[in-house]
Amino acid sequence: MVQYRLNTRIYVLLYHEDDPSKNTAAKMVRMNIARVINPRELKYKRPVVLNPFSSDYLGPWLRGEVEARGVLVVDASWRKLTYSKFHGLRGIHVRLPPLLPGNPVNYGKPCMLSSVEAVAASLYITGFTEDYSELLNTYKWMETFHELNKELLKAYASVKSLSELELTIIEYWGSNKPC
């Protein structure tokens, strides 16, 4: 097995709601890319939490936080994902700007990313492009994710402020944001 070493810490909170053979977060753990975390540990780590219910966006301005604290992905089924799964988790809660999934389950459905896609996007946007490239090797369809989003990711990673990010989202998606 290939040994991965990322420059950033990736944490996973697993809910075991998906088919284990298709669970991208569990695979990141098996490949030593990520580590399963207990919510009590977040009291001290306070990572950047990828939370689709957050009102704040992830942007390049959070690079220092990602580098110092890591990224947490909550792995749950999209059908069972609710705000309550994020309630009480300590950290900086942010959502990703809109992207298209390349995974076979939700291919092309805006914002319905798998855990590995969400982590990869967060790393690219915050400037950890080498770690992003490593994650592209976890699944064959991650190359599809890259092709679908390379222009968007580059645009999101180049903004300097939240207002600039919001303008970029409107430029690509129109005023009716998909998520």
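Strand β4 is largely enclosed by the rest of the structure, because five of its five residues are buried. Keep in mind that this is a predicted model. Side chains in a regular strand alternate between the two faces of the sheet. Here, Val 71, Val 73 and Asp 75 point one way from β4, while Leu 72 and Val 74 point the other way, and all of them are buried.

**The sheet around β4**

So where does β4 sit? It belongs to an open sheet of five strands, ordered β2-β1-β4-β3-β5 and paired in parallel. The edges are taken by β2 and β5, each of which pairs on one side only. Strands of a sheet pair through backbone hydrogen bonds, either parallel or antiparallel.

On one hand there is β1 (residues 10-14), which pairs with β4 (residues 71-75) in the parallel sense over five bridges. Within that pairing, Leu 13 stands opposite Val 74 of β4, and Val 12 has Val 73 as its bridge partner. On the other hand there is β3, joined to β4 by three bridges and also running parallel to it. Val 73 turns up here too, as the bridge partner of Leu 50.

A helix covers this part of the sheet as well: α4 packs on it, touching β1, β3 (48-50) and β4, and the direction of α4 makes about 160 degrees with that of β4.

**Ser 115, at the start of α4**

Helix α4 spans residues 115-125, and Ser 115 is part of it. Is Ser 115 buried or exposed? It is buried, with a relative accessible area of 8%. What does the side chain of Ser 115 make a polar contact with? The partner is the side chain of Asp 75, at 2.7 Å. That ties in with the strand we began with, since Asp 75 is one of the buried residues of β4. Leaving aside residues up to four places away in sequence, Ser 115 touches Thr 24, Ala 25, Met 28, Val 73 and Asp 75.

**Two residues with positive phi**

Most residues other than glycine have a negative phi. Two loop residues go against that, and here is how they line up:

| Residue | Phi | Loop | Relative accessible area |
|---|---|---|---|
| Asn 32 | about 60 degrees | between α1 (24-30) and β2 (35-36) | 45%, partly exposed |
| Cys 111 | near 80 degrees | between β5 (92-94) and α4 | 14%, buried |

Neither entry is a glycine: Asn 32 is not one, and Cys 111 is likewise a residue other than glycine. Cys 111 counts as buried because its relative accessibility, 14%, falls under the 20% cut-off. Asn 32, at 45%, is partly exposed.

**A helix pair: α5 and α6**

Two packed helices are described by the angle between their axes and the distance between the axes. For α5 (residues 129-136) and α6 (residues 142-158), the angle is about 150 degrees and the axes lie 10 Å apart. These two helices are therefore roughly antiparallel to each other, as the term applies to angles over 145 degrees. On the α5 side, the contact is made by Tyr 132, Leu 135 and Leu 136, while α6 brings in Met 142, Glu 143, Phe 145, His 146 and Leu 153. Sorted by character, the residues of this contact come out as six nonpolar, one polar and one charged.

Technical notes. Residues numbered from 1 in each chain as written. Predicted model: local features only at pLDDT ≥ 70, side-chain atom pairs only at ≥ 80, totals over all residues. Heavy atoms only, no water. Helix = DSSP H or I, 4+ residues; strand = E, 2+ residues; numbered from the N terminus. Buried < 20%, exposed > 50% of the residue type's maximum accessible area, 1.4 Å probe, protein only. Polar contact = N/O pair within 3.5 Å; in protein donor to acceptor, adjacent residues only side chain to side chain. Contact = heavy atoms within 4.5 Å. Axes fitted to C-alpha atoms, helices over the stretch in contact; angles between N-to-C directions. Parallel < 35°, antiparallel > 145°, perpendicular 65-115°, else oblique. Nonpolar A, V, L, I, M, F, W, Y, C, P; charged D, E, K, R; others polar. Pairing = 2+ DSSP bridges.
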